[in-house]
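Please open the model in your viewer and keep the sequence panel beside it. The tour below moves from the whole chain to single helices and then to individual residues, saying at each stop what to select.

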Amino acid sequence: MTESPSSANRVSRILRWVTRHKIRAVLIVIGVYLVVELLTIPWFGIRDLRTSNPTETALMRQRENEASNNEKPLKIRQQWVSLAKLPKYLIDAVIVAEDGTFFTHAGIDWFEVRESMKKNFTERRAARGASTITQQLAKNLYLSTSKTPARKLKELIITLLLERTLSKARILEIYLNIIEWGRGVFGIGAAAQAYFGKSASSLTFDEATRLAAVIPSPLRHRPDDNSRYVLRRKEIVLRRMAARGSSEPAIEDSTDFDEEEENGL
């Protein structure tokens, strides 16, 4: 089917306009792209999280697609556990490991963002992450692990929506039940069974700190391993807990979590 003269003329006029107004055309394309991206944000779906537990996340789907492309079958393991059934020291360990100011910020820790930018600029690499627990939840639930500007904008908006819609306790409960803790292992219930053969409510203090230690690198490190990485990060968790009165030794901690976050980042 041949293109009509009128259609050809319209295309020709558009091309001429784009040629004459290159900057304006680029801005229009960017604007349209951002609008399309914003329309994919679950503006109303987040409300359902107040009472409904998510059974599938964007990160789970991504891992399934990756496994399918590599022709390596992947079985998703997840077992929901309410926050009330988890040991307090497990919750404390995760908070000090991932987001020490979780209960005081509104979704974004701007101090950590500034410090991260300074360090990354100085070292010219992603040496320090700044994602809060709420940001990690936003990425795991709805986004991919890409780092495009559009994805970061969506992450920011979803993070603020989560904080505005859900309580801190609910955010923490969902986070602990959907984050990746190994290949096909999602959430604290599945992680406790996979690595220690027990329920999450029965985890010991040592097991809890080990699980918190590997959250940034769940595909590289196992919490039941005694590798240098796991032991070093466990010690950092212990020191930070001690500073808050959550553990026995009160050892001064001057070490940062400088490894790049890998959990849904």
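Begin with the whole chain, shown as a surface: about 14,700 Å² is exposed, and carbon and sulfur atoms supply 55% of that area, where accessible areas come from the Shrake-Rupley method with a 1.4 Å probe and, for residues, only the protein chains shown count as cover. This is a predicted model, in which local features need pLDDT of at least 70 and side-chain atom pairs count only at pLDDT 80 or more, while totals for chains, interfaces and linings use all residues. Residues are numbered from 1 along each chain as its sequence is written, and side-chain values use heavy atoms, with hydrogens and water left out.

**The whole chain**

Switch to a cartoon, and the chain shows 11 helices and 3 strands, these being DSSP runs numbered from the N terminus (helices H or I, at least four residues; strands E, at least two). Read from the N terminus, the order of elements is α-α-α-β-α-α-α-α-α-β-β-α-α-α. If you colour by accessibility, 45% of the 265 residues come out as buried, with buried meaning under 20% relative accessible area, exposed over 50%, and partly exposed in between (1.4 Å probe, protein chains only). A contact map adds that, among contacts between residues at least 6 apart in sequence, 67% join residues at least 24 apart, a contact being heavy atoms within 4.5 Å.

**The nonpolar core**

Next, select Leu86, Leu176, Trp181 and Ile188, which touch the most other members of the largest nonpolar core, a set of 50 residues. Such a core is a set of buried Ala, Val, Leu, Ile, Met, Phe, Trp, Tyr and Cys residues joined through side-chain atoms within 4.5 Å. Helices that each supply at least two residues of this core include α4 (88-98), α8 (168-178), α9 (188-196) and α11 (228-243), and α4 gives the most, with 7 residues. Centre the view on Ile188 and, leaving aside its neighbours within four places in sequence, you will find it in contact with Val81, Leu86, Leu90, Leu176, Asn177, Trp181, Ala200, Leu203 and Leu211.

**Where α4 meets α8**

Now show α4 and α8 alone: how do their axes cross? The axes come within 12 Å and cross at roughly 90°, the axes being lines fitted to C-alpha atoms, for helices over the stretch in contact, with angles running from 0 to 180 degrees between N-to-C directions. The two helices are therefore roughly perpendicular to each other, a term that covers angles of 65 to 115 degrees. To see the contact itself, display Ile91, Val94, Ile95 and Glu98 of α4 together with Leu172, Tyr175 and Leu176 of α8. By class, this contact has 6 nonpolar, no polar and 1 charged residues, where Ala, Val, Leu, Ile, Met, Phe, Trp, Tyr, Cys and Pro count as nonpolar, Asp, Glu, Lys and Arg as charged, and the others, Gly among them, as polar.

**Helix α10**

Move on to α10, where 7 of the 9 residues are buried, so that this helix is largely enclosed by the rest of the structure. Its buried residues are Glu207, Ala208, Thr209, Arg210, Leu211, Ala212 and Ala213, and they pack against α4, β2, α9 and α11. Pick Ala212, which counts as buried because its relative accessibility is 0%; not counting residues up to four places away in sequence, Ala212 touches Ala93, Val94 and Ala97. Draw a C-alpha to C-alpha distance from Ala212 to Ile91, and you should read 8.9 Å across a sequence separation of 121 residues. In the same helix, Thr209 is buried at 1% relative accessibility and, again leaving aside neighbours within four places in sequence, is in contact with Ala93, Lys234, Val237, Leu238 and Met241.

**Helix α6 and Tyr142**

Select α6, which is mostly covered, with 9 of its 10 residues buried; those buried residues pack against α3 (58-69), α4, α7, α8 and β2 (180-182). Tyr142, also in α6, counts as partly exposed at 26% relative accessibility. Beyond its neighbours within four places in sequence, Tyr142 is in contact with Pro42, Gly45, Ile46, Leu49, Ala58 and Ile158.

**Last stop: Glu71**

Finish in the loop between α3 and β1 (77-78), where Glu71 is found. Glu71 has a positive phi of about 55° although it is not a glycine, and at 71% relative accessibility it counts as exposed. For context, most residues other than glycine have a negative phi.

Technical notes. Angles under 35 degrees count as roughly parallel, over 145 as roughly antiparallel, 65 to 115 as roughly perpendicular and the rest as oblique.
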